[in-house]
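Trainee: Could you take me through one part of this model slowly? I'd like a close look at the salt bridges, and at where the residues that make them sit.

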Amino acid sequence: GYVQIYVRRGLRFEEVVLGKGGPCVAARVRLDEDEGAEGLLVAAVHLPSGESSGKRRQILKDVLSALGDKGSVVVVGDMNAKDEEIRDVCKELRVHEARYAGASFGVRFGHRYDRVLFGKKVWAESHLVGNGAVSFEGSEFYLSDHSGLLAYVDVCDSYDSCAKHDVVAAR
């Protein structure tokens, strides 16, 4: 029932207050010393499970709207949504997904519920981490029903350039 963002010591950031108080926290992380630079907006969500696609979509829409500029934004977390739903949401909200191989939820179920979505001035790649069983006193178990995701994120205006060669070079 909790969503958290951890920021590495020494990195400057400020909390972004979201209006509806949904299952989300957000921060603007300053990536350079330039006070005028917009930084990267990072939001962490835990969306409702089950047959709640409309509610999940509305929460993501509200989060992206509250964050303002969709250009330098990353939304991460347990989105409890299948691939088809996320594909439609990305198209509607004009964000991309950092896809990864494998499943992040339920070893037996094989769902990709944990996601990394990013805006037009960002590129992200994600990978599963910590998805192996742990052995203790002869028993094997998993620390969670979810595997963690590691995302490599790059922020650059070139990703949103109108010049095709800029976008190709950046990616």
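Mentor: Let's start with Asp83, which is partly exposed because its relative accessible area is 22%, and buried would mean under 20%. Keep in mind as we go that this is a predicted model. The side chain of Asp83 meets that of Arg112 in a salt bridge, at 3.1 Å from N to O. Asp83 lies in helix H2 and Arg112 in the loop between strand E5 (96-97) and E6, so this pair ties together parts that are 29 residues apart in sequence. Unlike its partner, Arg112 counts as buried, because its relative accessible area is 16% and the cut-off is under 20%. The two don't stand alone, either: Asp83, Glu97, Arg99, Arg112 and Arg115 are linked in a network of salt bridges.

Now stay with helix H2 and look across to helix H1. Arg56 forms a salt bridge with Glu85, and their closest N and O atoms are 2.8 Å apart. Arg56 belongs to helix H1 (residues 53-67) and Glu85 to helix H2 (residues 83-93), so here too the pair ties together parts that are 29 residues apart in sequence. Both ends of this one are tucked away: Arg56 is buried, with a relative accessible area of 4%, and Glu85 is buried as well, at 14%.

There's another link between these helices. Glu92 pairs with Lys61 in a salt bridge whose closest N and O atoms are 3.3 Å apart. Since Glu92 lies in helix H2 and Lys61 in helix H1, the pair ties together parts that are 31 residues apart in sequence. This time both partners are partly exposed, Glu92 with 37% relative accessibility and Lys61 with 38%.

So how many salt bridges does the whole model have? The count comes to 10. To place them in the bigger picture, the protein has 3 helices and 10 strands, and along the sequence they follow the pattern β-β-β-α-β-α-β-β-β-β-β-β-α. Of its 171 residues, 35% count as buried, with Arg56, Glu85 and Arg112 being buried examples you've now met.

Conventions. Residues numbered from 1 in each chain as written. Predicted model: local features only at pLDDT ≥ 70, side-chain atom pairs only at ≥ 80, totals over all residues. Heavy atoms only, no water. Helix = DSSP H or I, 4+ residues; strand = E, 2+ residues; numbered from the N terminus. Buried < 20%, exposed > 50% of the residue type's maximum accessible area, 1.4 Å probe, protein only. Salt bridge = Lys/Arg side-chain N within 4 Å of Asp/Glu carboxyl O.
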